[in-house]
Amino acid sequence: MHDAIKFIQGNEVCVEAALYAGINFFAGYPITPSTEIAEQMAVRLPETGGKFIQMEDEISSMCAIIGASLTGHKTMTATSGPGFSLMQEALGYAIMAEIPCVIVNVMRGGPSTGLPTHVGQGDVCQARYGTHGDHAIVTLTASNHHDIFRMTIEAFNIAETYRTPVILLLDEVTGHLREKIEIPEPGKIPLTKRLRTAVKSGVDYHPYLPREDGRLPMSDFGDIHRYNVTGLYHDMWGFPTDKPQIVYGLIRHLVDKIENNTPKITRFRKYYTKDAETLFISYGASARSTLHLVENRRRRGENVGLLELQSLWPFPADIVREACQHVPLVIVVEMNMGQITKEVKLAVDDPKKVFLANRIDGVLITPTDIRNTLRVIQGKGV
Amino acid sequence: MALKDYIRQRFFPHIWCPGCGHGIILNGLLRAVDTMGLDKKNIVMVSGIGCSARISGYVDFHSLHTLHGRALAFATGVKLSKPELNVIVPMGDGDALAIGGNHFIHAARRNIEMTAIVMNNRVYGMTGGQFSPLSGYGTMATTVPYGNIDHDFDVVDLATSAGATFVARTSTYHVHELAELITKAINHKGFSVLEVLTQCPTYFGRRNRIGDASEMMEVYKKNTVRIGSKKKQENPDLLERGIFVQKELPEYCREYDNIISKARQK
Amino acid sequence: MAKPALKEHRIERQWCKGCGICVHFCPKKVLEMDEEDKAFAARLEDCICCRMCELRCPDLAVEVICETSGNNETPDKDQGGGNA
Ligand SMILES: Cc1ncc(C[n+]2csc(CCOP(=O)(O)OP(=O)(O)O)c2C)c(N)n1
Ligand code: SF4
Ligand code: SF4
Ligand code: SF4
Ligand SMILES: [Mg+2]
């Protein structure tokens, strides 16, 4: 078998990748610009014996994928800003109850109904902080079809490895863009299977007792072990408790299992960074324009480089600090008012060298926009 | 099996107040499951948030204690992804019909096989006695200190028009009927709704000066009649109990299996 | 059908919360509350094994064990069972 070459939309790439990763349950509610994911899932999932359901809203979609994950399935939902807002409570539930699942947010302009058909990257902090209470979260992103495919699979793999929901932040531009994609033949990209308990029937099973490596083997609903799942603080059997030492242990576990594994979760690409005197940091559709500019400038002999982030949360502070260490000028390119810029400023030794190049008007930031910002910073005038 | 084999005994005595009707519903439910001879391994109980929702912690089934109002949405994911499971969804009246009202009507409309038990105490018990969409006009609650001007839903009518294919009502006084209706609801091949009138002596009983748990149950005895009873014609204010709807319509999970066959033939 | 005879009437004191439901509804006034507000069987000889106390106890604290099991005879006809 050969890798199949297709010419499709980014949203469809996400569907193909989810199928490759072994998804067998999808619940969603239509919303621009993510709708093609639901539509394509409705076609493709039953072909593989999987289930698609259009729910009554995004709240129930998020709840349904959690329920389906508990019976042992790989599950996903897809939405955009307003729907993502509705999912926040149940997202917190998935974090607390440690349920693997994938949530795709194809970002559009916000706040509120905002700009349904235009691009934005304003949900980056929402992905991190949208649900209440202290918590850690994994968020991946991608700027092109090849990476949408890889990051979708990564999202499923990370969800299973850490028993956690994973957010995949795409945007209107990458989601709707049509370009070529080579779908790798099955087996080429490694997939993470759900870790299931080996505890035998009749022996006490602890669904919420981490192994030494921090992982928690699961047992499917319908299988031999009957246990409780709750969004309340719970003990190792899953039963509600408010004992301070158990509460403390659980919140530490939930945060540490992600944050302590930041190096393993972090994904990025570097372009021309070795000798860069100006370093751009970007992600998603903005990174496409930035890369275009960087390649252009390189051809003219300017020492510019790009660090493209493919994982935004947990924030890869070490990678960013290291990449910025010997660079006098750092420009973060994003289509919001500086949500990742703030993180970069916190990560680097000298925050004064970090600048933002952005657009917040629903229009894709262009290489010219970025160049103009660069010239202003350099005092050259536009 | 003995009733105690269906519960997680180490969590007893349970958290409910003395005389709380929710315990009688638990009692009836366990008897129903016992008479049906269901395998505990094939039962998933999904509940939301409320005093009522705590029921899922006490049963020795797979149990999923979710978010306020969202139990049916979680349950839909469980059932559709593994249709061989028996899914039982007990909910409070606020849980089922205020915050969860939308999920309630849509689950009914889909006719997905599961059993929704509305534990109707006409009040928000867990949060301390605020009115619910089932409290009814003129009742008293902490957030209607001058009397309630909100009108209530009729759960049976609502479920019926939303498309539930099994709709029934009983009370915690009528315990034989309770177990029998739960059995029938679980056996039903489609979305089944059972409303159980249940007392919250702590808030509803006290605020509305009905008396203690026993007296509240006496009210269920006095104010309800079997469907079709002559008494109803004499006194239209009586609330009917029994099975209001019981019909066969295509069930969602089975329908989806046909979708899979179609998709595969393509 | 043979009339069921009572073998044992158990009340789990740890679980009983003293709500009085069993006392209130016992058709033969077999049960009473003690000084600690727990139900107890004061006149066991009068018990007719109807099991209403067991079925209505919200705390699953009552167990009525009869000679012939599975008795459903109820003194109060409005208990339900069968639906028109
Ligand atoms: C989103 C959300 N809103 C509000 C609450 C607070 N809350 C918890 S239980 C409850 C109402 C419970 O009433 P009901 O569903 O009738 O159950 P009962 O306690 O009476 O059995 C409310 C409002 C919550 N937990 N979550
Ligand atoms: S507050 Fe009401 S509903 Fe809640 S446990 Fe007490 S009696 Fe039951
Ligand atoms: S009904 Fe149960 S809890 Fe209530 S008094 Fe009787 S034994 Fe005790
Ligand atoms: S079984 Fe019937 S008669 Fe005997 S104590 Fe219980 S309620 Fe009373
Ligand atoms: Mg209530």
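**A walk from the magnesium site outward**

The magnesium ion (ligand 5) is held by three donors, D93(B) through OD, N121(B) through OD1 and V123(B) through its O atom, at 2.0 to 2.1 Å. Bear in mind as you look around that this is a predicted model. Read along the chain, the donors of this ion follow the spacing D-x27-N-x1-V. Two of the residues involved, N121(B) and V123(B), are buried.

From the metal, we can step across to ligand 1, since D93(B) is also among the residues closest to ligand 1. In total 18 residues surround this ligand, and the closest also include H22(B), C51(B), S52(B) and D95(B). Does the site belong to one chain or is it shared between chains? Residues from chains A and B surround ligand 1, so the site is shared. Several polar atoms come up to the oxygen atoms of the ligand. A polar side-chain atom of H22(B) lies 2.9 Å from an oxygen atom of ligand 1. For S52(B), an N or O atom in the side chain is 2.8 Å from a ligand oxygen, while D95(B) brings a polar backbone atom to 2.8 Å from an oxygen of the ligand.

H22(B) is a handy signpost to two further residues. One is T198(B), placed in the loop between β6 (191–197) and α8 (201–207) of chain B. The side chain of T198(B) reaches the backbone nitrogen of H22(B) at 3.3 Å. T198(B) has 1% relative accessibility, and therefore counts as buried, the cut-off being under 20%. Beyond its sequence neighbours up to four places away, T198(B) touches G21(B), H22(B), I25(B), M119(B), N120(B), T172(B) and Y220(B), as well as the magnesium donor N121(B). The C-alpha atoms of T198(B) and R122(B) are 8.4 Å apart, although 76 residues separate the two along the chain.

The other is W16(B), in the segment before α1 (21–36) of chain B. W16(B) is buried too, with a relative accessible area of 3%. A polar atom of the W16(B) side chain lies 2.7 Å from the backbone oxygen of C51(B). Outside its neighbours within four places in sequence, the contacts of W16(B) include H22(B), C51(B), S52(B) and Y58(B), together with K17(C) from another chain.

That brings us to how the chains meet. Of the two pairs of chains in contact, A and B share the most contacts. No contact joins chains A and C, and their closest C-alpha atoms lie 20 Å apart.

In chain A, helix α2 (residues 35–47) is a good place to check the geometry. At 1.5 Å a residue, its 13 residues should span 18 Å, and the end C-alpha atoms are 19 Å apart, which agrees. The helix α2(A) does bend, by about 35° at M41(A), and M41(A) is one of its buried residues, along with T35(A), I37(A), A38(A), R44(A), L45(A) and P46(A). What do these buried residues pack against? Their partners are α1 (10–21), β2 (25–28), β3 (51–54), β4 (75–79) and β5 (101–109) of chain A, together with α11 (252–265) of chain B. After α2(A) comes G49(A), with a positive phi near 90°.

Our last stop is R267(A), in the loop between α10 (262–265) and β11 (268–271) of chain A. A polar atom of the R267(A) side chain lies 2.7 Å from the backbone oxygen of K264(A). Leaving aside neighbours within four places in sequence, R267(A) is in contact with M151(A), E154(A), I158(A), L309(A), Q310(A) and S311(A).

Definitions and conventions:
Residues are numbered from 1 along each chain as its sequence is written. Chains are lettered from A and ligands numbered from 1 in the order in which they are written. This is a predicted model: local features need pLDDT of at least 70, side-chain atom pairs count only at pLDDT 80 or more; totals for chains, interfaces and linings use all residues. Side-chain values use heavy atoms; hydrogens and water are left out. Helices (H or I, at least four residues) and strands (E, at least two) are DSSP runs, numbered from the N terminus. The expected span of a helix is 1.5 Å times one less than its number of residues. The bend at a residue is the angle between axes fitted to the seven residues ending there and the seven starting there. Buried means under 20% relative accessible area, exposed over 50%, partly exposed in between (1.4 Å probe, protein chains only). Contact means heavy atoms within 4.5 Å. Donors are N, O and S atoms within 2.8 Å of the metal (3.2 Å for Na, K and Ca); water is not among the atoms, so sites may look incomplete. A residue is near a molecule or strand if one of its heavy atoms lies within 4 Å of it. A polar contact is a pair of N or O atoms within 3.5 Å; within protein, one must be able to donate a hydrogen and the other to accept it, and residues adjacent in sequence count only if both atoms are side-chain atoms.
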